[in-house]
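User: I would like to learn how to read the overall features of a chain and then one of its helices. Please take me through them in turn.

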Amino acid sequence: MSKKVKESCSIVSQECIATDIYSMWLKTENIAQEAAPGQFVSLYTRDGSKLLPRPISLCEIDKEKGMLRLVYRVTGKGTGTEEFSRLHARVPVETLGPLGNGFPLDEVKGKRVFLMGGGIGIPPMLETAKQLDADKTMILGYRDELFLNTEFEAYGKVYLATEDGSAGTKGNVMDAIRENGLEADAIFACGPTPMLRAIKAYALEKGIPCWISMEERMACGVGACLGCVCQSKDVDEHSKVHNKRVCKDGPVFLSTEVEL
Ligand SMILES: Cc1cc2nc3c(=O)[nH]c(=O)nc-3n(C[C@H](O)[C@H](O)[C@H](O)COP(=O)(O)OP(=O)(O)OC[C@H]3O[C@@H](n4cnc5c(N)ncnc54)[C@H](O)[C@@H]3O)c2cc1C
Ligand code: FES
């Protein structure tokens with residue numbers, strides 16, 4: 001397991017890439033070197049009334065330059081993510097990471113793998129696409145406006161689904177699989193719970209393994225508060241109940257291990 005540290009990272013660049021969606025590169029001392037696809041960092045705000053850090057997945061990892069890319073959605077006025085979106089280059093941001101387990105790349109090496117992302121679940125699939133040595137098919141679901149989609153094209157065929165039908169299949173990622181007759185031996189996915197539920201059911205029906213990244217609400221981010229538990233099939237070692245801590249045991253789980 002990677003070693004997590006709290007660092008004061010410096011913003012290298014920040015740009016708005018779609019409505020309310022921002023892309024930020026952070027220079028780190030150690031976090032990028034330790035990081036793996038599917039892990040996340042927790043960013044602290046400067047607002048003393050907001051004590052809890054905000055978990056954001058790693059969209060890209062540049063170990064050589066010691067940099068991390070985060071792509072995040074501003075959730076509303078006065079929120080922590082709105083504060084991050086206003087920060088300029090060279091501003092320091094308190095960052096804890098890398099956190100969580102990440103996707104098990106070796107388990108699916110050489111296989112036909114669907115990398116599925118929905119909305120703000122799309123960013124962690126980019127570094128996963130980069131590092132995964134497999135026959136990859138990307139299936140990305142959006143409400144309407146696209147972001148990051150062209151950056152996936154270097155790693156395999158990309159299929160899009162939009163709710164309004166403005167690009168790719170009209171509907172969701174499952175509709176895109178059906179419309180294009182796509183097949184795989186395994187799935188990695190990240191996105192909203194209804195999407196993950198549909199993907200879990202599809203994987204069960206096809207008898208293929210599926211790992212999902214759950215972006216539950218979080219508090220401490222390091223396994224101490226149980227603020228992020230999800231229902232699990234097995235009894236958790238730590239809490240002795242049918243719970244898993246998304247921040248510590250996840251955020252990536254085998255879909256059959258968790259209730260959605
Ligand atoms: C493992 C993980 C990875 C994530 N990766 C991304 C990402 O790559 N890009 C992205 O845009 N969003 C991501 N999220 C969701 C992101 O953490 C929330 O949108 C963000 O914390 C909201 O903070 P806020 O200050 O905007 O909102 P506020 O409403 O001010 O937040 C209040 C509190 O609730 C928590 N909270 C609110 N919504 C969520 C949520 N959906 N998940 C977790 N905590 C929440 C905040 O951390 C904070 O402690 C991820 C969440 C998790 C758990
Ligand atoms: S957020 Fe505290 S245990 Fe997961």
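**Reading the chain and one helix**

Analyst: Start with charge: the mean positions of the 32 positive and 36 negative charges of the chain are 3 Å apart. The model is predicted.

User: What is the secondary structure of the chain?

Analyst: The chain has 6 helices and 16 strands.

User: How does the radius of gyration compare with that of a compact globule?

Analyst: The general idea is to set the value against a rule based on the number of residues. A compact globule of 260 residues would have a radius of gyration near 18 Å, and the chain agrees because its own value is 18 Å. The C-alpha trace spans about 50 × 45 × 35 Å along its principal axes.

User: What share of the residues is buried, and what supplies the exposed area?

Analyst: A residue counts as buried under 20% relative accessible area. In this chain that applies to 53% of the 260 residues. The chain exposes about 12,000 Å², with 47% of it from carbon and sulfur atoms.

User: How many of the contacts are between residues 24 or more positions apart?

Analyst: Such pairs make up 60% of the contacts in the chain with a separation of 6 or more.

User: Why is helix α3 described as largely enclosed?

Analyst: Count its buried residues: α3 covers residues 123-131, and 7 of its 9 residues are buried, so the rest of the structure largely encloses it. The buried residues are P123, P124, M125, L126, E127, T128 and A129.

User: What covers the buried residues of α3?

Analyst: The cover includes β4 (54-57), β5 (60-62), β6 (67-73), β8 (112-118), β9 (135-142) and β12 (186-190).

Technical notes: Residues numbered from 1 in each chain as written. Chains lettered and ligands numbered in written order. Predicted model: local features only at pLDDT ≥ 70, side-chain atom pairs only at ≥ 80, totals over all residues. Heavy atoms only, no water. Helix = DSSP H or I, 4+ residues; strand = E, 2+ residues; numbered from the N terminus. Rg over C-alpha atoms; globule rule 2.2 N^0.38 Å. Buried < 20%, exposed > 50% of the residue type's maximum accessible area, 1.4 Å probe, protein only. Contact = heavy atoms within 4.5 Å. Areas by Shrake-Rupley, 256 points an atom, 1.4 Å probe, with all protein chains shown as cover. Lys, Arg positive; Asp, Glu negative; His and termini not counted. Charge placed at Lys NZ, Arg CZ, Asp CG, Glu CD.
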